[in-house]
Amino acid sequence: MALSGVRVLELAGLAPAPLCGMILADFGAQVVRVDRVTRSSLTADVHGRGKRSMALDLKQPAGAGVLKQLCGGADVLIEPFRHGVMENLGLGPEVLLQENPRLIYARLTGFGQKGKYAKHAGHDINFLSLSGVLSKLGRKDENPYAPINLLADFAGGGVMCAMGIVTALYERTRSGKGQVIDASMVEGVAYLSSFLWKSQHLEFWKRPRGENLLDGGTPFYETYKTSDGKYMAVGAIEPQFYEQLIKGLGLDSDQLPSQWSSSDWPKMKKKFASIFAQKTQAEWCSIFDHTDACVTPVLSFDDVASHQHNKERRSFIKNDHGEISPRPAPCLSRTPAVPSLKRDPFIGEHTEEILLEYGFTKEEITKLYQDKVIEFGKLGANL
């Protein structure tokens, strides 16, 4: 796989950093999740695919020393804590890069390492709001609406950080040196929204939020409820696609207002809604599937894997426990991702084998365990 041989240490955290680690693991990196020492072997990390876990108490000086030694043999460290936490543990980038100048030290946080909010708590909605993107999301005359926690946490956070890591690894092939990545979710999602910034002067953003081309203002870029309580998504922007939409709905364009008559959009929305409500989702699919009307079913998680298009592309995979999840993307022709189908690791399940791989002796491992610096999971070592 593309990242085979890359050794990654991921300090356990919330959703964005685990996704970043899973992406790297899916494409072949050897990812170790460094969990906190806990009485439970279960974790809230749902992005554990392809990773191993070791349990380590970083608050103990000996635990910090273990991580320092691990970083000496690693290519990447993913660190998800607020600014200053790692420095207080004696594990800041200045220390670890001195130990291993080739280390890629990725710091993934909401607000970044500098600035007024650098040490503040926050969640996706806060990062989204500070980026300016949240102000663009939502229906007319309603409050701005955050679309779950996908944009800042995962797109602006986990994915952008993974891109930064791969970029830094490539640069290292020329310089031989590691570097620090300051991955701010605020800046990540702002960067993701570059189209919105660079298209502000265009005509289709001239109206208030919720009344424009791409934010729910038009009847031809909208979702509609079907007679069986499901939905269809319509994105018939171009005139030739709009004409096929009108034909599929059984309407005559000569008897309708112009597609771009914005004053008629509310009326046309109601008209389209009343027509879509007369047939089931399957019936509408039979009408539009063989057209270029840009009309598709809104699939539920229960239905998406069985849809013909997704089945033909094998877009979803099933692990050994029967859990369905998306296949890694994008698809590489020679070195595609090969995601693990095994269950996610228990906390501390691989502590002993990881430490042995990184050069610790059995005696050292036993001492660390006796001092409660490390822990073994249910299926872990046999000391």
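**A buried aspartate and the sheet**

Hi everyone, let's begin with Asp-153: Asp-153 is buried (under 20% relative accessible area, 1.4 Å probe, protein chains only), yet has no salt bridge, meaning no side-chain nitrogen of Lys or Arg within 4 Å of a carboxyl oxygen of Asp or Glu. The nearest side chain of opposite charge, Arg-82, is 13 Å away, with Lys and Arg counted as positive, Asp and Glu as negative, and His and the chain ends not counted.

Before going on, this is a predicted model: local features need pLDDT of at least 70, side-chain atom pairs count only at pLDDT 80 or more, and totals for chains, interfaces and linings use all residues. Residues are numbered from 1 along each chain as its sequence is written, and side-chain values use heavy atoms, leaving out hydrogens and water.

Asp-153 sits in helix α6, residues 150-175; helices here are DSSP runs of H or I with at least four residues, strands are E runs of at least two, and both are numbered from the N terminus. Which residues touch Asp-153, leaving aside neighbours within four places in sequence? They are Pro-16, Asp-124, Phe-127, Gly-158 and Met-185, where contact means heavy atoms within 4.5 Å.

Now the sheet. Seven strands form an open, mixed sheet in the order β6-β5-β4-β1-β2-β3-β12, with pairing requiring at least two DSSP bridges. β6 (179-184) and β12 (374-375) stand at the edges with a single partner strand each, so one side of each has no neighbour in the sheet. Further in, β2 and β3 run parallel, joined by five bridges, and Val-32 stands opposite Arg-52 in β3.

Key: Buried < 20%, exposed > 50% of the residue type's maximum accessible area, 1.4 Å probe, protein only.
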